[in-house]
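Please look over the sequence and the structure below before reading on. The briefing that follows goes from the whole chain to a few chosen places in it.

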Amino acid sequence: MSISKAPPDISVISGDVPRDTPPTEPPPAGPGGPAGPPALATALAAPGLRPVVPVSARRRSLPRWLRRATGPLLLLALWQLLSTTGVLRPEVLASPGTIAGTAADLVASGQLPSAMAVSLQRVVIGLLLGGVIGIALALLSGLSRLGEDLIDASVQMLRAVPFVGLIPLFIIWLGIGEAPKVTLIALGVAFHLYLNVYAGIRGVDEQLVEAGTSLGLSRWGLIRHVVLPGALPGAMTGLRYSLATAWLALVFGEQINASDGIGFLMTQARDFLRTDVIVVCLVVYAFLGLTADIVVRALERLLLQWRPTFTGQ
């Protein structure tokens, strides 16, 4: 006598609804379809449900420029408070009010504008000279294995040497005029541009190169339409680093028997213990560096429009 077992209910195992279960009624169709505005309004009207507001929308209550200026303004207010209460003595660090008055006097006398013009000229010349050298070496080394073998090792060795330590040699070789100052700036700029442009060239996707080759592009066509555009983001990053290094090198370079420039004003202020003048010169360095960074950012937005990037939330 055999006992037959009923097969298990497949709908229960698979999670399907049994056939005898009444079908659920579809949501009413409105102007926007089954999930149109009437259904959305009904869902939002239910108790305990609230519309979700994006975090970015909540943060837009204050203008961005005001949020960015809050930190520096708080720091400035704290500085003024410490100076007023006597915690910061004038011989240690002058108050913001004193520094503002000193800056106005330097501008009125013409010393500060003249010094800024001289320092800016040195940075521009050094940046152009170092940029040409660094980019040229990066192209030779990045586009050719032979160029890499001949150039990269020497550049890496020189990069390991602190360029500030070369000041005595520059004085012996080039004297104490403008040449050692400009050379020091150019040397610091060249290394940053070389490293970033070289890394940008070697970081180009190999599949893009193969696609360009399959489309019949020549070697120059590949370099122009594939390699150089792919290396452009790295070049922009190197330019930003180079500008920061240029201002740093300028501070050291203008200590070499300078008779004008912002570094000359700082040297005089150090001799006479004028902390207000020193801070004014540091603020000018920061302002010029920030202006240069803004210019590079604008250049990035112009040249890298094809590259989507994350801008924060």
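What follows is a short briefing on a predicted model, arranged by topic. The protein contains 13 helices and 0 strands, and of its 313 residues, 29% count as buried.

**The whole protein**

- Read along the sequence, the elements follow the pattern α-α-α-α-α-α-α-α-α-α-α-α-α, in keeping with the count of 13 helices and 0 strands.
- About 20,900 Å² of the protein is exposed, and carbon and sulfur atoms supply 68% of that area.
- Among the contacts in the protein with a separation of 6 or more, 69% are accounted for by residues that lie 24 or more positions apart.

**Helix 6 and helix 7**

- Helix 6, which covers residues 111-143, packs with helix 7, which covers residues 145-160, at an angle of about 130°, and the axes of the two helices are 6 Å apart.
- Because of that angle, helix 6 is described as oblique to helix 7, a word used here for angles that are not roughly parallel (under 35 degrees), roughly antiparallel (over 145) or roughly perpendicular (65 to 115).
- The crossing in which helix 6 passes helix 7 is left-handed.
- On the side of helix 6, the residues that take part in the contact are Leu137, Leu140, Ser141 and Leu143, and in helix 7 they meet Arg145, Gly147, Glu148, Ile151, Asp152 and Val155.
- Sorted by character, the residues of this contact between helix 6 and helix 7 divide into 5 nonpolar, 2 polar and 3 charged.

**The surroundings of Trp79**

- Trp79 is found in helix 4, which covers residues 64-84.
- Leaving aside residues up to four places away in sequence, Trp79 touches Leu88, Leu93, Ala94, Ser95, Pro96, Ile99 and Val279.
- One of these residues, Ser95, is 16 residues from Trp79 along the chain, and the C-alpha atoms of the two are separated by 7.1 Å.

**Leu273 in a loop**

- Leu273 has its place in the loop between helix 12, residues 262-271, and helix 13, residues 275-303.
- Most residues other than glycine have a negative phi. Leu273, although it is not a glycine, has a positive phi of about 55°.
- Is Leu273 buried or exposed? Leu273 has a relative accessible area of 71%, and because exposed means over 50%, Leu273 counts as exposed.

Key
Residues numbered from 1 in each chain as written. Predicted model: local features only at pLDDT ≥ 70, side-chain atom pairs only at ≥ 80, totals over all residues. Heavy atoms only, no water. Axes fitted to C-alpha atoms, helices over the stretch in contact; angles between N-to-C directions. Helix = DSSP H or I, 4+ residues; strand = E, 2+ residues; numbered from the N terminus. Left-handed = near helix turned anticlockwise from the far one by under 90°. Contact = heavy atoms within 4.5 Å. Nonpolar A, V, L, I, M, F, W, Y, C, P; charged D, E, K, R; others polar. Buried < 20%, exposed > 50% of the residue type's maximum accessible area, 1.4 Å probe, protein only. Areas by Shrake-Rupley, 256 points an atom, 1.4 Å probe, with all protein chains shown as cover.
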